[in-house]
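Here are a few exercises to work through with the structure open beside you. Try each task before you read its solution.

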Amino acid sequence: MRFKSLGSGSSGNATLVQSSGSDTCNVLIDCGFGLRQLLQRLEKSGVLPDQLDAIFITHEHGDHTGCVQALSNQYNIPVWMSAGTAAAIGYVNASGLLRTASNGDVIALNGLQLCPFTVPHDAREPLQLTCTDGAAKLGVLTDLGHATAQVLEKLQGCHALILECNHDTDLLAASVYPPFLKRRVGGHYGHLANSQAADIAGAVLHSRLKHVVAAHLSQQNNLPELVQKCLAQALSCSANDIIIASQKDGCPWLSV
Ligand SMILES: [Zn+2]
Ligand SMILES: [Zn+2]
């Protein structure tokens, strides 16, 4: 199995997960770009839109939904999201491609299994997920204010992690953000600070954790160097071992 962030941050998020083997399964997790932009990013990654077997949408915020409706309809791709997310974005299921995802229900595709779970975030019914091909397990965790016991349990045994490192607490406190926004971002239903992400990474660390990708970095309130330092400390690795998913390019394909 391999995966690649196509871009990550408050201006748009999308991640490809691909099973290995002859019958390749491609899943797009989130779709937070305009259609033209997303197609360009897919092309760069070497995956054509009609090779996508499924789209999974984590929640209704625009940096995750983007062109989902157009992409799904145009290329006839089934879309999984929670009932709350579908209601919140007013998803029009005219083509019958909408599938309901729920906390704890396994989505079995031809070659990949998706396991969504609830996270605390200021959205109607947000889900994050793990993906497995039966051998390797990838955890995708962005857009949450804090880690619950269930989040930590679901991420146990992951061989790779895409982990939100939204802000540095000091930079957020000193930023020009208005007080309500600082409270929202730093609150229990907002986004993870670097130190919170480091605690999560440390809690799920095991000898076969191969890749940690830091994602959803704030442009204003964070710096890649701070993220790498903070996570490297928690994981007892080198700062260079922490991969940053950028807004512009995401990250390279990574195999697990
Ligand atoms: Zn987001
Ligand atoms: Zn969000």
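Buried means under 20% relative accessible area, exposed means over 50%, and partly exposed is anything in between (1.4 Å probe, protein chains only). Keep in mind that this is a predicted model, where local features need pLDDT of at least 70, side-chain atom pairs count only at pLDDT 80 or more, and totals for chains, interfaces and linings use all residues. Residues are numbered from 1 along each chain as its sequence is written, chains are lettered from A and ligands numbered from 1 in the order in which they are written, and side-chain values use heavy atoms, with hydrogens and water left out.

**Exercise 1. Find the residues that coordinate the zinc ion (ligand 1), and say whether His64 and His216 are buried or exposed.**

Step 1: look for donors, meaning N, O and S atoms within 2.8 Å of the metal (3.2 Å for Na, K and Ca); water is not among the atoms, so sites may look incomplete. You should land on Asp63 (OD), His64 (NE2), Asp143 (OD) and His216 (NE2), at 2.1 to 2.3 Å.

Step 2: trace the donors along the sequence, and their spacing reads D-H-x78-D-x72-H. Distant parts of the chain get linked here: histidine 64 sits in helix α2, while histidine 216 is in the loop between β12 (211–215) and α9 (224–235), 152 residues apart. Helices (H or I, at least four residues) and strands (E, at least two) are DSSP runs, numbered from the N terminus.

Step 3: check accessibility. Histidine 64 has a relative accessible area of 0%, so it's buried. Histidine 216 comes out at 2%, so that one is buried too.

**Exercise 2. Work out what coordinates the zinc ion (ligand 2) and which residue bridges the two zinc ions.**

Step 1: list the donors of ligand 2. They're His59 (NE2), His61 (ND1), His121 (NE2) and Asp143 (OD), at 2.2 to 2.4 Å.

Step 2: spot the bridge. Aspartate 143 coordinates both zinc ions, which are 3.6 Å apart.

Step 3: place two of the donors in the chain. Histidine 59 is in the loop between β4 (54–56) and α2 (62–65), and aspartate 143 is in the loop between β10 (137–141) and α5 (149–154), 84 residues apart.

Step 4: check accessibility again. Histidine 59 is at 0%, so it counts as buried, and aspartate 143 is at 1%, so it counts as buried.

**Exercise 3. Put the seven strands of the open sheet in order, then find what packs on the sheet.**

Step 1: follow the pairing, where two strands pair if DSSP finds at least two bridges between them. The order is β6-β5-β4-β3-β2-β1-β14, with mixed pairing. At the edges are β6 (98–100) and β14 (254–255), each pairing on one side only.

Step 2: zoom in on one pair. Strand β3 (residues 26–29) runs parallel to β4, over three bridges. Isoleucine 29 stands opposite phenylalanine 56 in β4.

Step 3: add a helix. Contact means heavy atoms within 4.5 Å, and axes are lines fitted to C-alpha atoms (for helices over the stretch in contact), with angles from 0 to 180 degrees between N-to-C directions. Helix α1 (residues 35–45) packs on the sheet and touches β1 (2–7), β2 (14–18) and β3; its direction makes about 145° with that of β1.

Step 4: add another helix. Helix α3 (residues 68–75) lies across β3, β4 and β5 (79–81), at about 165° to β4.
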